[in-house]
Every structure is written in C-alpha cells, then in structure tokens.
Amino acid sequence: MPTALYRFLLSLVLLLPVIAHAGDASDFAAASSSQQAALLERWSAEPDAARLPLLEALQQGRVAADSNKAAFIETDGVYQPADGTAAAAEAPRKLRLNNRLRGLIATAVASHQLLAEDPALRLAAAQQLQKSAKPEQLALLNARVAAEEDDGVRDALSLALANLQLVDNDPAVRLAAVRLLGETGDPLARTRLESLLDPGVESDATVRTAAETSLAQVKRKLLIGELLGQAFSGLSLGSILLLAALGLAITFGLLGVINMAHGEMLMLGAYSTYMVQVLFQRFAPEALALYPLVALPVAFFVTAAIGMALERTVIRHLYGRPLETLLATWGISLILIQLVRVLFGAQNVEVANPYWLSGGIQVLPNLVLPYNRIVIIGFALFVVVLTWLLLNKTRLGLNVRAVTQNRNMAACCGVPTGRVDMLAFGLGSGIAGLGGVALSQIGNVGPDLGQSYIIDSFLVVVLGGVGQLAGSVMAAFGLGIANKILEPQIGAVLGKILILALIILFIQKRPQGLFALKGRVID
Amino acid sequence: MKRRPFLKSTLAASALLLSGLFPYTLHAAETIKVGVLHSLSGTMAISETSLKDMALMTIDEINAKGGVLGKQLEAVVVDPASNWPLFAERGRQLLTQDKVAVTFGCWTSVSRKSVLPVYEELNGLLFYPVQYEGEEMSPNVFYTGAAPNQQAIPAVEYLMSEDGGAAKRYFLLGTDYVYPRTTNKILRAFLISKGVAEKDIEEVYTPFGHSDYQTIVANIKKFSAGGKTAVISTVNGDSNVPFYKELANQGIEATDIPVVAFSVGEEELRGIDTKPLVGQLAAWNYFQSVENPVNTKFVADWKAYAKAKNLPNADTVVTNDPMEATYVGIHMWAQAVEKAGTTDVDKVREAMYGQTFAAPSGYTLTMDKSNHHLHKPVMIGEVQEDGQFEVVWETSSPVRAQPWSPYIEGNDKKPDYAVKSN
C-alpha cells in the first residue's frame, strides 16, 4: 500500500510540469515528503510575499488536500481552495507533516518575514535564521543585510550571514565572520568555531588564530550563562523544597507532631487546585487563566479544615506519644490516598499551566528562565514572609510560641492550649495546601503526589533545626543549591545519595540542626 | 424495602431459567480459573489497573461467546500492590491454591523477574503484556509485548532517517532500573555499529519519581549545540510530566530536538496537559488512533465496558499498547486451549506455537514457533493536542522478536528456543 501510494504520488509529480503550474499550495500537497522538503528549501532561498499565507497556514497545520491533490486552507472550519481551483469533491484531509518539514517550514516562514513591514517580525525572523539558515540563502541574506534599515535587525541578520560566511572562499570575509561570531554567546557559534581550528578545514592561519580568540570569548559568555543557570535551578529547587516543607516546619517543627500525613496535605492542596480549575472550565472559561489565584485561598481553607478536623479527632489524643502519632498519621495518610484514589481514580489528573505560567524568558542565548519557576520562587518567599508575620506579629502566633516553649506555663497564664494546638495544626496544614497549589504547576497531580515529597520535607525540617522557621528556609535553599551543584558532576542518582550521606554526617555532628533554639526549652 | 424481595425473586427465577438452558454451566468446578496478577494499589496502580480491567473485559467477551472448551472462564484477581516480592507470593497462591490454568499479569521487569522462578518451579503459564528489554525466554512465559528490536531499534532507525530529522547525536535518558539500562546498552551498541562516535552518545539516569529536570534539560541543550540531537527517553511513568514541561518551558520544541519515548502511551497522556508535547514521538506496536475495523470495535467495546462497569473517569478512557497486548494474549491462549483440547500447560504451550490472531493493530499477529514472542508491527506516532498519536511511520509487516539482542555480547551463543533459566 505505501509503495502504491508512493508510485501514485511520484507519477503525479512527474506529470505536474506537463499539466500546468498548479500553484505552490497544490505543488506542495502533491509532492512526497522529500520533494516537499526540497520545495521548502527552494522557497526559503527565494521568498515571495504572496506565498506567506500558505506557509503560515502550513505552520499552523491548516492545509488540507482532497483526493485530486488540490490544496485547501482551512480558516475557522471552512476549507478555501488555496490556488483558486474548484471546490473539493469530498471533505479534504489535513496534510501530514513531520518534524523535519516543520523545521523547514519555520525557516521558510522566517525568510519570508524578512520582507515584513514590522521590524519586530523581521527581528524574530533574523533570529530564527541564525539557527537554521541554509547555504542556499546566502544571496538572500546578503541582499537583506544591505537593504535593512533597522539597526537591531541588521545586526541579527549579519550574525545569521556570518554563520554562512564561515565557508566563504575569501579569507577576509571568513575573518570578519569569525570576529563577529566571537561577540555572541550563542552555543551554536561555539561548535562552528571549534570546527575551524582544524587546519584541514580552515587553511588560513590568521582566520584560525581569530577563531581561537573568538572561541575563548564565546566560551566565557557561555560559562556565565551556565553558572547563572545552575544558580537559578538551585534556587528553584530550594523554593520547591521550602514550599513542601514549610507546613511541616509548623506541625512537626513547632508542635512536635511527627506528621506522616503532611504529604497528603500537599496532595489535597493540589487536588483543590484541580477542582478549582474544573469549576472554572465549566462556569467561567473566559477567566480560566486566573484559576491558580483563586485556588490559593481555596486550597488553604480546605486543607486547614481537614488538618483541624484531624487534630481534634485523632492527633490531640496522642500528644506526648510520638511513636503512636507516627503510626496514626501514617495510617491517616494511607486512608487519604485511597480516598482520593476512589474519588478521582488512580490516574493522574490534568492540571494545565495558564499561559502566564508557560514558557520562559530568554536572558542569555543559553539561559532561559521558565516563568513558572520564577513565580514559584517569589511565591515561596511570600509564604515565608506570611508565616513569619503570622507567628511573630499576631496574637495567635504569640500563643503558638508560648505553647511550644512551655505548655503548662502557657496554660497557667490562660492560653487556651487546646484551641491553639488546633489552630496551629490547621495553619500548618493550610500552608502545606498552598505548597500543593505550587507543586501542581510543576509536576504531577495524583494520589501519590505527597509520597514523593514527605522524605524531602522531613530532611529540610530536621536539617534546619526543629522549631525554627529560618532554619527551614536556609536548609531548603542549601539543599537545593547543593543538589544542583552535585547533579551535573555525578548524576542525579549518585547526587541524591551523596546529599543523604552528607546530611547524616551533619546530623551526627549537630543533632539540633543548623539553627537551634537557645535557652531552656521543654523536653 | 420493596426492592429486595423483587430482586431476590428475579434472581431466583433467572437462575432457574439459566440452569434449564445451560445445564452444564452450573456444575461445580466446571469453570476454568484464570489468574490476573496486576498491581491495583501503590505506584504501579496508575498503569496496571487498566490492564486488569482489560483482562476482565476480554474474559467477559470470551464467556459471552460460550467460553473455552464449553466452560466459562472465571477470573481470579489478586493485588500484589506494586511490591515486587509480593508478586511471587501472589503468583504462588494463584498456582497452588486457586489452581489457575493461566495467569495474565506483571508490568515492570522486576516484578516479572520476581514471579519467574515460581512459574518455572510449579510449571505455570504466564502471559506478559508489556514491552521490555529482552534477555529472557522462559518456557513458562509468553511475551506479548515488544522486544527491543520491535520497538527501540526501529525508533532509532527512524531518527537516523531524513524524515526523522537525520539526528547525529543521541541523548539517552532513562529511569534508573533494569529496563532502561539494558535498552540503552543495546542502543549504544547499535548506534556505534551505525558509525555514531562515543562522544555523540550521552547516557543519563534519574531515580524513580524524579521531578526536577532543570539540570538535565540544560545539559540536553548544551549537548545539542554540537549537532542535530535526538533524545531517546526510557523515563518511566510519572516523571515524564515534569520532564516534558521543563522542555517546553525552556523553549525546546520537537522540531529542534525530537524526543522519542518508549514508555509514554495514551494512558500516560491522560493525566498530562498535552500542549507542550505536541510533535514529540513515541514508538509502540499499537496506537488507539490506527484505523481498521478490528480496532474500531476494540475501542468501542472498551469504552462501553468502562461505562457499564462504572470505571473512574469512564468518559475519557483510552486504549494503549499493553492493553492491546493483554487482549491479544488472552484470545490466543483461548484459541490454543481449544486447539489442545485441554488446559494442561505443556499441551497449551505446544498449541500456542504458530497461533495467529487478527489484532486491533490492523495486522494478523503470529506467535513465533519457538521463541515465545509475538511477531509485531512497529509504529512511530506523534503526539497530538488531544492526547492521541498520529502514526508517522510504520513497518510494512510484523517483525520477528529477537529477545536475545545481537547487540549484547555473548548472545549469539544463546539458543533460539525457550529454556528454563536454572
């Protein structure tokens, strides 16, 4: 069947010049995939403004063909003949593209957009061509550099041109190109320059020396990007660990409850986000992008309420009995997991990033900072500040601190210790819920979500020093950065093991953690 | 209050009616017991639960057509809870207490390795429905998933071809356990045999459930600056979501660096926002989107079954490759039992050789005459926005499995028929 189809297509293509020039779109629709690639390459070298709508339609996957291989472009569900030919006999089928063709289409669109009115479009096009320009486009780029009026676009174009000029016949042109490339921090320039160091490739000694200098420049810029990238990913991992652990820093750190159900509070926060998203999809699809903001209070109150209910019904009966608390909260965590599994199914649920949390900002050629991670770092700091204010600037916070330092004395002074316990546990759970909202934006939302964070959370709290918020913050960022420094050197698996070993050694030396409460503390 | 007596009387009446119509089905021990050994809780529940349901659906389907050898099949479902040693225990229970004629089950290679000694010792029969790393051929197991040459190697050949982007450098990324390690060992040997230099192959592993892919994606980017790169992912299960999200957020598109995955199918994409994945590739032997009458019926039956049994999220259920392999396996076993005229393991094994079945993949699959593996077609699919795959390349005919990959040293001396491992 495929060979028959191929023969059919081949015969069509062979017939094409005989029949007539049917138009670009139909040429494309009738060609085989390698002929389509050749067509696209030709079009990239000789842009024609009239062809742009077709290329854009191709890029958006809107081009279809009927059985006669006449091409149609779909706009809002209606198929229009692309080359002014007659309407289709039957419903046309969308053209099948593969990744290679998509890449060539992007290049072709870019070379057509070099002729666009809008300088921003031309700039984007020039940047695309820096990555993917083909030698056939040399003449085109030369012409555009000469004609370009906007300085920024011309610079970008010159770079795209320089990539092609590295194999120019004239050593002077090559030399200029090599020097120009040295001023970029483009990772691709590095490979291109490296290949020139070989005397077999580059015969001219001056160009080779220039390439060496340029290469050193490029490498320095790349190194800066890499270091910044590592620092950022360390901060980002730290902020995630912090959000996961902050709730536990209250329930375990302050209240002393070995709370194995903490992970499930994260999970419930994430599922609250999912529910809010579903409600938005159903009732307010136009405001869908705002759902994470609404999910924050919802998740906080849902998890806080569940936390308080747990405290009142189970945990308060177990104060002072850490082993039983451990087992009871572990049991609760299993119950919550299975409950969610029954209600929502064992499958992960889909929590989509809104547009303002998708993509990233290109800071350097080899450094992209994803928006969701930037937002989560900011959010983690916001939650820390909020928690700190709650604990240090409010009556509730004062009571919590009093109860954790000396329960009996606080009770004597008239602090309602039972209620404070409940509220503090609720606060810890609620903050875990907020963490869950953030986690839903970077990972999976499934019944087992909490299980993968519980160990890390305990590590952070224990390392930071039980009972200290500042300790947890330091420990989270410290672990995040240490992890990201080790990972590229020894791999993710060994890195994790080494971190664990280091923490164990550290706890041997300093059982009280990084920060310890000074002075007299009960037990 | 009124409903119960009514229910009871209807049940009694229908039982009477049935016993009149089918006098044989009600005789005690006149059913054939069939074991279903899939994790219904724990980390693997996400993947294995649907295989259990698919097995039950297939058994219902066979029963509705009159069962096997005139007897109804009776499913015995046990839950090994994603706990590898428990697989062996539950397997032993199925064979010695429930005396099942055959077992359909396991997903991870480590669970299969755990039950294998039990099935060899007690001469049981296991049908294993998942693509795996090969390096095994037990007379007590029929493998209905793909061996490496039926999935991994064709996928890499596609990436090397013009249409696949003519990749020159390969980034092998996997979860750290036996399947990715062995597959990558085979792929590395294969790539080197195709003239790819050592420095153009990078192998990276992450722990189970890894969720922070920042460093790895940054490394992929750095690696790709050295030439056209493709990523071959054997990342398992959940970790795929953060991996693909990170790729998209760092601005890597399928046109720049294609990622071909061996463990991402329709079921895994259900829990994912698929926008960032569009254009990424997966290699399997079946996709829900393949168009043929057998598959149309298979998908419709499955959707109807999910609704009727009220499975969670019944309106969005999908079929995938291991489900198809389960379906094919159960039907082939039923055919083999009919041919052998008995459920005796040794006779059924003989009858399985050369058994054929018109599968939902659109091909008539054959059980090999000696190596216990199916001949399967290989398909490469591209992820679409709706979480389905569109086939961009497929083999022209089913491929015979090579469980002992020629790319691993010493395998050329292994026999091409099944022998017990000890």
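Modeller: A salt bridge is a side-chain nitrogen of Lys or Arg within 4 Å of a carboxyl oxygen of Asp or Glu. This is a predicted model, in which local features need pLDDT of at least 70 and side-chain atom pairs count only at pLDDT 80 or more, while totals for chains, interfaces and linings use all residues. Residues are numbered from 1 along each chain as its sequence is written, chains are lettered from A in the order in which they are written, and side-chain values use heavy atoms, leaving out hydrogens and water.

Colleague: Why is the pair Glu226(A) and Lys222(B) called a salt bridge?

Modeller: The N to O distance of this pair is 3.3 Å; the limit is 4 Å, so the pair qualifies.

Colleague: What makes the pair join two chains?

Modeller: Glu226(A) belongs to helix α11 (residues 205-254) of chain A and Lys222(B) to helix α7 of chain B, so two chains are joined. Helices here are DSSP runs of H or I with at least four residues, and strands are E runs of at least two, numbered from the N terminus.

Colleague: How many salt bridges are counted between chain B and chain A?

Modeller: The count is seven, and the structure holds 31 over all chains.

Colleague: How many residues does the contact take from chain B and from chain A?

Modeller: Chain B gives 49 residues and chain A gives 49, contact meaning heavy atoms within 4.5 Å.

Colleague: What area do chain B and chain A bury between them?

Modeller: About 3,800 Å² is buried, 43% of it on carbon and sulfur atoms. Buried area is the accessible area (1.4 Å probe) that two parts lose on being put together, summed over both.
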